[in-house]
Structures are given as structure tokens and as C-alpha cells.
Amino acid sequence: MSHKVLVIEDEPTLSRLLSYNLSQEGYDVTVCDHGGEGLQAAIQRSYDLIMLDIMLPGINGFEVLGKLRQNGVKTPVIILTARTAEEEVVQGLKHGADDYITKPFGVAELLARVSAVLRRSGHTIPTQAESQDKVITAGDLSIYPERYEVILAGEQVPLRPKEFEVLLYLIQRPGMVITRDDLMNVVWGFDYIGGQRTVDVHVSSLRKKLELGANSVCIESIRGVGYKLVMPKKIGAG
Ligand code: CA
């Protein structure tokens, strides 16, 4: 059975792109180009995922999201935000969005995030091929780069994509001091306008999520410079 995706986006080029690529991937896609109509559709019918633009005719994306959650609709929501609008991301996550994609985005990123959000919300079971893909392990931590997935002591860690990308970059360079600028450029891109606070917010959230494991990696702050990932000490070894 294919997953039902509701796209609420008023920019025709973008909604066609989303619709085309998601349909190609086997999703059952419905498009709404108006905030109020999108909200009605999301409340009246059952979807597995909602892709939600912020600037919409009628009511905006934040209001749509707020009303959905007020109505007890728990469908995962990915918000579509402008690349330079850090505040939109912060607001969206506060209103209960599960993830966000900054425009413009590539098809690979889109499909990876949609699939990751559906998997996190328990809508998919990994296929045989997926469960055998590449894995990076460190103590109790396993990272699946192709699936944007992290398992800590047998439990899935719910990471935002940018948190995942920060972790992946750091764990591929254990013990090295990585500057905030490096992380900024690699994870957010050279033309990102948001401040370094974005990096700090993501690292701090990532750290909290990874602290739950006794035998996990540790992200140390290097004052005035950046961060360093320290691999777990082997418990009971040596
Ligand atoms: Ca719009």
C-alpha cells in the first residue's frame, strides 16, 4: 500500500516538482495550493505525511500546523522554508513540525527526508537491502548514513537532518577539532545567512540526545573555535 502524502504549497513549479518526484517514488500525492483547503483536507482525510509551505494564501503554514495539532492530528509534517529563513525553522519546530526542508532542495534530499520521517513515525519497515546498508559504529552507537538513521543502545535516536549531518561529519573525523565555520559550510552551505548560533543549537540538541547512552560518543566544545568528537571508551576493556 502506498503512503499518502499531502502537499500544501501554492508555488505551482514547486508543487509540480514535489508531486512528480514523490509519485515517481510510489507515493500517493494530493496537492492543495491554499492554507485553509490544505487544513480541511488534512483534518478530513488520513495522510501519512504532510509537506507544508509557510507563506500560503488564506492561512499561513504555522497556523495550519497549530490548528492540526489542536485538532489532534498527529500526522508528521515537513515544513518547506526559504533557505535564509532561520526564524521560520525555529517557529515551525515550535509549532510541532517534525522536520524541515529549505528551498531550493534536491530530489535526493527530498526523498531521503520523506523516507526518514515516515520511518521515524513508524510507517515503514526497512527492506532487506536497507537493513544491510553501510553502517558506522562507535560503542553503542550505530549510524546509517544512507538512511539518516542513528541507533543508540538498540533505540532509534530521533535526529533532525541537520543534527544528523553534523554528527556524521564529526564522527568521520574523530579527535579532530572542527571549527564552527567548517560545520556551517559543510552542513548548511556557503551561502547560508543564519548565524553560528544555528550550529551551537544543533550541537547542543544533538549532545542531549546522544548523552542517553552510557557508551556513546561525546562532543566536546573547544572554546572560541568549535567542536571535537571523542569516541567512547570501551567499557571493561584493557
Ligand atoms: Ca508559498
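The donors of the calcium ion follow the spacing D-x42-D-x1-M along the chain. In this predicted model, the residues concerned are D10, D53 and M55. The two aspartates, D10 and D53, each contribute an OD atom, whereas M55 contributes its O atom. The distances to the calcium ion lie at 2.1 to 2.3 Å.

Are the donor residues D53 and M55 buried or exposed? D53 has a relative accessible area of 3%, so this residue is buried, since the cut-off for that class is under 20%. M55 reaches 60% relative accessibility and therefore counts as exposed, the limit there being over 50%.

I turn now to the cysteines. How many disulfides does a search of the whole structure find? The search returns zero. For those new to the term, a disulfide is a covalent bond between the sulfur atoms of two cysteines. As to the setting of individual cysteines, C32 is buried, with a relative accessible area of 12%. C218, at 37% relative accessibility, counts as partly exposed because its value falls between the two limits, 20% and 50%.

My last topic is a pair of strands. Strand β11 covers residues 218–222, and strand β12 covers residues 226–230. They pair in the antiparallel sense, over five bridges. Which residue in β12 stands opposite I222? That residue is G226. Together, β11 and β12 form a hairpin, with three residues between them. The turn includes G224, and this glycine has a positive phi of about 75°.

Note on methods:
Residues are numbered from 1 along each chain as its sequence is written. This is a predicted model: local features need pLDDT of at least 70, side-chain atom pairs count only at pLDDT 80 or more; totals for chains, interfaces and linings use all residues. Side-chain values use heavy atoms; hydrogens and water are left out. Two strands pair if DSSP finds at least two bridges between them. Helices (H or I, at least four residues) and strands (E, at least two) are DSSP runs, numbered from the N terminus. A disulfide is a pair of cysteine sulfur atoms within 2.5 Å. Buried means under 20% relative accessible area, exposed over 50%, partly exposed in between (1.4 Å probe, protein chains only). Donors are N, O and S atoms within 2.8 Å of the metal (3.2 Å for Na, K and Ca); water is not among the atoms, so sites may look incomplete.
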